[in-house]
Amino acid sequence: MPDPVPARVATAACPLCGKPTEARYRPFCSKRCADVDLNRWLGGAYRVPTEEPPPEGYVPEADEER
Ligand SMILES: [Zn+2]
């Protein structure tokens with residue numbers, strides 16, 4: 001009987017540094033990486049430009065019923 005494949009599926013790699021993910025900080029390997037990512041999100045959120053107002057007469061794609 002062949003040995004079962006090690007359960008590597010459960011172990012993901014930290015998207016920031018590539019180290020094995022720590023369960024309590026998923027999907028990151030540590031609080032540090034989680035904080036880095038969080039700061040990226042927060043920092044980026046402020047840089048996202050506000051949506052430009054639609055041009056006059058602009059109609060959202062609403063009549064796709066047929
Ligand atoms: Zn990491």
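Mentor: Before we start, a residue is called buried when its relative accessible area is under 20%, exposed when it is over 50%, and partly exposed in between. Please keep in mind, too, that this is a predicted model.

Trainee: Thanks! How many helices and strands are there in the protein?
Mentor: Helix α1 covers residues 31–47. Counting over the protein gives 1 helix and 0 strands.

Trainee: What share of the residues counts as buried?
Mentor: The cut-off for buried is a relative accessible area under 20%. The protein has 66 residues, and the share of them that counts as buried is 9%.

Trainee: And how much of the area that the protein exposes is supplied by carbon and sulfur atoms?
Mentor: The protein exposes about 6800 Å². Of that area, the part from carbon and sulfur atoms is 56%.

Trainee: Let's turn to the cysteines. Which residues does UniProt list for "binding site"?
Mentor: The listing comes from an unreviewed UniProt entry, and such annotations may be inferred rather than shown by experiment. In the model the listed residues cluster in space, although they are spread over 20 residues of sequence. The entry names Cys-14, Cys-17, Cys-29 and Cys-33.

Trainee: What is the largest C-alpha distance in that cluster?
Mentor: The residues in question are Cys-14, Cys-17, Cys-29 and Cys-33, as listed by UniProt. Their spread along the sequence is 20 residues, yet their largest C-alpha distance is 8.1 Å.

Trainee: Is Cys-17 buried or partly exposed?
Mentor: Cys-17 sits in the segment before α1. Beyond its neighbours within four places in sequence, Cys-17 contacts Cys-29 and Cys-33. Its relative accessible area is 40%, which lies between the two cut-offs, so Cys-17 is partly exposed.

Trainee: Is Cys-29 buried or partly exposed?
Mentor: Cys-29 is also in the segment before α1. Residues up to four places away in sequence aside, Cys-29 touches Cys-14, Cys-17, Lys-19, Pro-20, Thr-21 and Glu-22. Its relative accessibility is 14%, so Cys-29 counts as buried.

Trainee: Thr-21 turned up in that list. Which backbone oxygen does the side chain of Thr-21 reach?
Mentor: Thr-21 lies in the segment before α1, and it is buried, with a relative accessible area of 17%. Apart from neighbours within four places in sequence, its contacts include Ala-12, Arg-26, Phe-28 and Cys-29. At 3.3 Å, its side chain reaches the backbone oxygen of Pro-27.

Trainee: Which residue is joined to Pro-27 by a cis peptide bond?
Mentor: Pro-27 has its place in the segment before α1. The cis bond has an omega of about 0 degrees, and the residue it joins to Pro-27 is Arg-26.

Trainee: How far apart are the C-alpha atoms of Thr-21 and Thr-11?
Mentor: Along the chain, Thr-21 and Thr-11 are 10 residues apart. In space, their C-alpha atoms are separated by 6.3 Å.

Trainee: Now the helix. Which residue meets Asp-35 in a salt bridge?
Mentor: Side chains of opposite charge can pair when their charged atoms come close. Asp-35 is partly exposed at 32% relative accessible area, and its partner is partly exposed too, at 47%. The two lie in helix α1, 4 residues apart, about one turn of the helix. With an N to O distance of 3.1 Å, the side chain that meets Asp-35 is that of Lys-31.

Trainee: How far is Val-36 from Leu-16, C-alpha to C-alpha?
Mentor: Val-36 belongs to helix α1 and counts as partly exposed, at 36% relative accessibility. Val-36 and Leu-16 are 20 residues apart in sequence, while their C-alpha distance is 8.5 Å.

Trainee: Last one! What accessible area do Leu-38, Trp-41 and Leu-42 have together?
Mentor: Leu-38 lies in helix α1. A patch residue needs over 30% relative accessible area, and Leu-38 is partly exposed, at 46%. With Trp-41 and Leu-42, Leu-38 forms a nonpolar patch on the surface, and their accessible area together is about 360 Å².

Conventions: Residues are numbered from 1 along each chain as its sequence is written. This is a predicted model: local features need pLDDT of at least 70, side-chain atom pairs count only at pLDDT 80 or more; totals for chains, interfaces and linings use all residues. Side-chain values use heavy atoms; hydrogens and water are left out. Patches are made of residues with over 30% relative accessible area and no salt bridge: like charges are joined within 9 Å, nonpolar side chains (Val, Leu, Ile, Met, Phe, Trp, Tyr) within 5 Å. Accessible areas come from the Shrake-Rupley method with a 1.4 Å probe; for residues, only the protein chains shown count as cover. A salt bridge is a side-chain nitrogen of Lys or Arg within 4 Å of a carboxyl oxygen of Asp or Glu. Buried means under 20% relative accessible area, exposed over 50%, partly exposed in between (1.4 Å probe, protein chains only). A polar contact is a pair of N or O atoms within 3.5 Å; within protein, one must be able to donate a hydrogen and the other to accept it, and residues adjacent in sequence count only if both atoms are side-chain atoms. Contact means heavy atoms within 4.5 Å.
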